[in-house]
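User: I am new to this structure. Please walk me through it with short questions and answers.

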Amino acid sequence: MSYTISLFSVKTKQKEQQSAQPDFFEKEENLEKFTPEQQSELEIRLLKYQYKPVGKNSDGKRFEHADFGEALLTDSALYFSTSNDFDCIFEVGLTASEFTDTGEFAKYDGQAGGWEEI
């Protein structure tokens, strides 16, 4: 069993909050794509947080962290996946929150109630 925390553009957050679609995140057209600069910034930050690139697939670029799980960077989201261990969830949640410091990204944790409001 794993725990997933997502990072989206602020525009995606705004669209989701205005939407009445219960399956909003399942429709790719609802998700705003990251700019090439944002993609690059996210990759650099993942590396700084000791996530190692482990490959690409049709969905995006995959990264692994020795202690906290993995991350998948797609065109429109960054998905952090970890075990259900409290310490891992805490660390991944903190990392995702720190990635929102530029104001361009928003953290979504569906298992904890949705969007993080700061």
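Analyst: Buried means under 20% relative accessible area, and exposed means over 50%. Keep in mind that this is a predicted model.

User: Which residues of helix 1 are buried?

Analyst: Helix 1 covers residues 10–18. A residue there counts as buried when its relative accessible area is under 20%. The buried ones are Thr12, Lys13 and Glu16.

User: How wide an arc do they cover around the axis?

Analyst: The buried residues Thr12, Lys13 and Glu16 lie on the same side of helix 1. That is because their arc around the axis is only 100°.

User: Which residues are exposed on the other side of helix 1?

Analyst: One side of helix 1 holds the buried residues. The other side has exposed ones. They are Lys11 and Gln18.

User: What do the buried residues of helix 1 pack against?

Analyst: The packing partners are strands. One of them is strand 6, at 105–109. The full set is strand 1, strand 6 and strand 7 (114–115).

User: Is Ser9 in strand 1 buried or exposed?

Analyst: Strand 1 spans residues 2–9, and Ser9 lies in it. Its relative accessible area is 5%. The cut-off for buried is under 20%, so Ser9 is buried.

User: Which residues is Ser9 in contact with, leaving aside its neighbours within four places in sequence?

Analyst: Ser9 is a buried residue. Its contacts beyond those neighbours include Glu32 and Phe34. The others are Glu104, Phe105 and Ala106.

User: Which way do strand 2 and strand 3 run?

Analyst: Strand 2 covers residues 51–56, and strand 3 covers residues 61–65. Five bridges join the two strands. They run antiparallel.

User: Which residue of strand 3 does Gly55 stand opposite?

Analyst: Strand 2 and strand 3 are joined by five bridges. Gly55 has its opposite residue in strand 3. That residue is Arg62.

User: Which residue in the turn of the hairpin has a positive phi?

Analyst: Strand 2 and strand 3 form a hairpin. Four residues lie between the strands. The phi in question is about 160°, and it belongs to Gly60.

User: How many salt bridges does the structure hold?

Analyst: Side chains of opposite charge can pair when their charged atoms come close. Asp23 and Lys27 form one such salt bridge, at 3.8 Å from N to O. The total is six.

User: How far apart in sequence are the parts that Lys61 and Glu43 tie together?

Analyst: Lys61 forms a salt bridge with Glu43, with the closest N and O atoms 2.7 Å apart. Lys61 lies in strand 3 and Glu43 in helix 2 (residues 36–48), so the pair ties together parts separated in sequence by 18 residues.

User: Does Lys107 count as buried or exposed?

Analyst: Lys107 meets Glu116 in a salt bridge at 3.4 Å, N to O. Glu116 is partly exposed, at 26%. Lys107 has 10% relative accessibility. The cut-off is under 20%, so Lys107 counts as buried.

User: Which residues make the nonpolar surface patch of about 340 Å²?

Analyst: Leu94 is one of them. Leu94 lies in helix 3 (residues 86–98) and counts as partly exposed at 36% relative accessibility. The patch is made by Phe86, Phe90 and Leu94.

Technical notes. Residues numbered from 1 in each chain as written. Predicted model: local features only at pLDDT ≥ 70, side-chain atom pairs only at ≥ 80, totals over all residues. Heavy atoms only, no water. Salt bridge = Lys/Arg side-chain N within 4 Å of Asp/Glu carboxyl O. Buried < 20%, exposed > 50% of the residue type's maximum accessible area, 1.4 Å probe, protein only. Pairing = 2+ DSSP bridges. Contact = heavy atoms within 4.5 Å. Arc of directions from axis to C-beta. Patch = residues over 30% accessible without salt bridge, like charges linked within 9 Å, V, L, I, M, F, W, Y side chains within 5 Å. Areas by Shrake-Rupley, 256 points an atom, 1.4 Å probe, with all protein chains shown as cover.
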